[in-house]
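Welcome! Here is a short, friendly tour for anyone meeting this protein model for the first time. Have a look at the sequence and the structure, then read on.

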Amino acid sequence: MADPLLDSIAAADRLPLDEDTFKRTIAIERKRTERSKTPFLLMLLELTNGETEEKNRATLETIVSAMMSTSRDTDIIGWYKDRAVVGVLFTGLVGDDKSAIADMIVNRVSASLQDELNSETFQQVSISFHFFPDDWDHDKPGRLNNPALYPDLVNHKKARRPLFVVKRVIDIIGSSLMLILCAPSFLVIAIAVKMSSKGPVFFRQKRVGQYGRSFTFLKFRTMYANNDPSVHKEFVTRLIASQADGSASKTGEAVYKIKGDKRITRIGGFLRRTSLDELPQFLNVLWGDMSLVGPRPPIPYELAAYQTWHRRRLLDVKPGITGLWQVTGRSTVKFDEMVRLDLRYALSWTPWLDVRILMRTPLAVIKGSGAF
């Protein structure tokens with residue numbers, strides 16, 4: 001049985017982190033988990049009695065004290081929302097059974113709170129659990145599946161909201177102009193695709209966008225209808241795992257893309273080399289699924305093969321038609337390097353950077369480096 005005197009001494013040695021520090025710590029723990037693959041659990045405690053923050057302050061201070069005495073030295077306690085929501089980070093978790101871990105912790109926490117609070121107050125304490133890595137639900141609308149784990153991203157997005165409005169305006173104007181200007185090309189390509197082989201003009205595919213939200217991705221069809229996708233699935237799985245060997249391009253560079261794919265039609269090969277197969281994606285941009293500039297949207301089976309840190313490329317910005325990867329390396333860079341380019345873009349994104357990337361895109365398309 002725990003000794004209250006010893007517990008009080010242990011608790012006195014620790015202080016809860018303030019809100020800003022605690023939220024920065026969550027971001028740091030996410031990155032640590034991405035490297036170590038060891039999950040952590042964020043537990044949030046708040047009062048649901050409808051009282052003012054001032055009236056609840058003493059009770060919340062008692063909850064903090066109880067968490068200090070019942071948690072491990074490696075656990076991190078702080079204010080998730082200053083003087084309103086208490087947060088506890090349980091790091092270095094062992095085991096894959098999330099329910100068992102949550103049950104064990106809630107039993108321990110409940111026992112500690114019941115020792116410190118009366119029955120009525122204890123019933124007013126709301127406890128929620130948030131595991132990282134978190135599960136992504138692709139059917140949810142375009143938002144973070146579990147925002148509690150990403151307070152830094154939520155705050156960052158709020159701070160940059162005016163810039164994102166500018167980005168959206170550029171997307172609407174740019175995609176509308178391109179759809180008007182390319183209307184004759186749409187007609188010619190559609191006829192060529194239809195005459196080259198049996199099947200629809202457009203290729204529709206489920207892709208994963210920002211925050212893991214699924215959408216229908218459009219391209220001109222470049223392959224024979226009803227082909228076997230397992231070839232691409234096997235290749236991309238090995239590519240993500242850094243097990244794929246690059247093919248030699250005309251310049252001698254290694255290209256990390258399926259070369260000599262017999263599923264591609266004759267006209268499809270031309271469309272891919274010139275990137276004309278991507279033109280229908282201006283519709284995706286106009287509809288808000290994509291942006292003119294951003295990371296390329298993955299197929300669900302690609303996302304399933306991602307390491308946890310790879311998923312960060314889908315958090316900060318919408319997927320795009322072009323991006324740093326396309327104008328600096330395209331298929332001549334390995335997958336991890338492509339992800340790093342996407343993360344660099346997300347970190348340093350500005351409207352002016354988008355303009356610079358868009359200005360470099362035509363030259364990258366003309367050169368066709370890494371395009372097949």
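The notes below go through a sheet and its helix, some backbone details, and one pair of residues. Please keep in mind that this is a predicted model.

**The sheet and the helix on it**

- A good place to begin is the open sheet, in which 4 strands follow the order β2-β3-β1-β4 with antiparallel pairing.
- Strands β2 and β4 are the edges of this sheet; each has a single partner strand, so one side of each has no neighbour in the sheet.
- From one strand to the next, the twist averages 25°.
- Strand β1, which covers residues 40-47, runs antiparallel to β3, and 6 bridges join the two.
- Within this pairing, L44 sits opposite G87 of β3.
- Helix α2, made of residues 19-36, packs on the sheet and touches β1, β2, β3 and β4.
- The direction of helix α2 makes about 120° with that of β2.
- As general background, the strands of a sheet pair through backbone hydrogen bonds, in either a parallel or an antiparallel way.

**Backbone details in the loops**

- Where can you find a cis peptide bond? One joins F132 and P133, with omega at about 5°.
- P133 lies in the loop that runs between β4 (125-132) and α6 (151-159).
- R83 is not a glycine, yet its phi is positive, at about 55°.
- To find R83, look in the loop between β2 (76-81) and β3 (85-90).
- R83 has a relative accessible area of 26%, so it counts as partly exposed.
- S275 is another residue other than glycine with a positive phi, here near 65°.
- The loop between α10 (266-274) and α11 (281-287) is the home of S275.
- Is S275 buried or exposed? S275 is buried, because its relative accessible area of 14% falls under the 20% cut-off.

**A pair separated in sequence**

- Helix α15, spanning residues 351-367, contains A364.
- A364 has a relative accessible area of 16% and is therefore buried.
- How far apart are A364 and T328 in space? Their C-alpha atoms are 8.2 Å apart, while the two residues are 36 residues apart in sequence.

Notes
Residues are numbered from 1 along each chain as its sequence is written. This is a predicted model: local features need pLDDT of at least 70, side-chain atom pairs count only at pLDDT 80 or more; totals for chains, interfaces and linings use all residues. Side-chain values use heavy atoms; hydrogens and water are left out. Buried means under 20% relative accessible area, exposed over 50%, partly exposed in between (1.4 Å probe, protein chains only). Two strands pair if DSSP finds at least two bridges between them. Axes are lines fitted to C-alpha atoms, for helices over the stretch in contact, and angles run from 0 to 180 degrees between N-to-C directions. Contact means heavy atoms within 4.5 Å.
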